[in-house]
Amino acid sequence: MRVKLIGHEQSVQEVKDFLSIWDSAVCTLDVHEIIKLCVSDVCLFDLSSEMQGLAAYQRLWGSYQQLFVGHLQVYRKDVCIHADLLQAFIFGYSKVDYADVAENSNMPWCRTTMCLVKNNDVWKVSHQHISY
């Protein structure tokens, strides 16, 4: 994955580390860990809906139980991480697919933006936007 890095060097590295933890939680559909990585008023705009708050976000991820089976991987391309000391933006293309398939499988790429905030030395998702 090629990543363009902009901003405060240490913050950018912390955000890259955060993204690795996030991707792992998504691939195992560890809803508890996903929620732990979000602020209480997290909001999401996705392909068909809009939601705000941890309870709604948790329900969304829980609804993927039957879809997220097998050994999954988050694929990313054209990623840009822009971070300063207290906020960061990650944008590019992503998809979740089986780890044992070619990166160019038929699974469509989504445009993805994540906004993170840092509080008490911990990065958390405050906003996510996903679209085709």
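**Around tyrosine 57: aromatic pairs and the nonpolar core**

Tyrosine 57 is found in helix α3, and this residue makes a handy starting point for a look around the model, which is a predicted one. With a relative accessible area of 0%, tyrosine 57 counts as buried, because the cut-off for that label is under 20%. Setting aside residues up to four places away in sequence, tyrosine 57 touches Trp22, Ile34, Ile35, Cys38, Val42, Leu44, Met51 and Gln128. Valine 31 sits 26 residues away from tyrosine 57 along the chain, and the C-alpha atoms of the two are separated by 9.3 Å.

Next come the aromatic rings. How many aromatic pairs does a search of the whole structure find? The search turns up three. In one of them, the ring centres of tryptophan 22 and tryptophan 61 are 6.2 Å apart and the planes meet at 85°, so this pair is edge-to-face. Tryptophan 22 belongs to helix α1 (residues 9–27) and tryptophan 61 to helix α3 (residues 54–62), so the pair ties together parts that lie 39 residues apart in sequence. Both partners are tucked away from the surface: tryptophan 22 is buried, at a relative accessible area of 2%, and tryptophan 61 is buried too, at 8%.

Tryptophan 61 also pairs with tyrosine 57, again edge-to-face, with 6.3 Å from centre to centre and 75° between the planes. Here both residues come from helix α3, four residues apart, which is about one turn of the helix. Taken together, Phe18, Trp22, Tyr57 and Trp61 form one aromatic cluster. A ring elsewhere in the chain has a charged partner instead: the charged end of lysine 77 sits over the ring of tyrosine 93, 5.8 Å from the centre of that ring.

Back in helix α3, which residues are buried? They are Ala56, Tyr57, Leu60 and Trp61. These four cover an arc of only 135° around the axis, which means that they are on the same side of α3. As for what that side meets, the buried residues of α3 pack against α1, α2 (31–36), β2 (38–45), β3 (50–52) and β7 (122–131).

The picture widens with the largest nonpolar core, a set of 33 residues in which Trp22 and Tyr57 touch the most other members. Plenty of elements chip in: α1, α2, β2, α3, β4, β5 (87–98), β6 and β7 each supply at least two residues of this core. Which element gives the most? That is α1, with eight residues.

Methionine 51, one of the residues touched by tyrosine 57, lies in strand β3. Methionine 51 is buried, with a relative accessible area of 14%. Leaving out neighbours within four places in sequence, methionine 51 is in contact with Val42, Cys43, Leu44, Ala56, Tyr57 and Leu60. Among these contacts, Ala56, Tyr57 and Leu60 also appear in the list of buried residues of α3. Measuring from C-alpha to C-alpha, methionine 51 and aspartate 41 are 9.7 Å apart in space, while in sequence they are ten residues apart.

Serine 131 offers a look at another strand, β7. Is serine 131 buried or exposed? Serine 131 is buried, at a relative accessible area of 19%, because that value is under the 20% cut-off. Not counting residues up to four places away in sequence, serine 131 touches Leu47, Cys110 and Arg111.

Finally, two aspartates deserve a word for their backbone angles. Aspartate 78 has a phi near 50°, a positive value in a residue other than glycine. Aspartate 78 has its place in strand β4 (residues 72–83) and is partly exposed, with a relative accessible area of 48%. Aspartate 121 likewise has a positive phi, of about 65°, although it is not a glycine. Where is the place of aspartate 121? This residue is in the loop between β6 (110–119) and β7. Aspartate 121 is exposed, its relative accessible area being 69%.

Technical notes
Residues numbered from 1 in each chain as written. Predicted model: local features only at pLDDT ≥ 70, side-chain atom pairs only at ≥ 80, totals over all residues. Heavy atoms only, no water. Phe/Tyr/Trp six-rings, centres within 6.5 Å; stacked < 30°, edge-to-face > 60°. Buried < 20%, exposed > 50% of the residue type's maximum accessible area, 1.4 Å probe, protein only. Lys NZ or Arg CZ within 6 Å of the ring centre and 35° of its normal. Arc of directions from axis to C-beta. Contact = heavy atoms within 4.5 Å. Core = buried A, V, L, I, M, F, W, Y, C linked by side-chain atoms within 4.5 Å.
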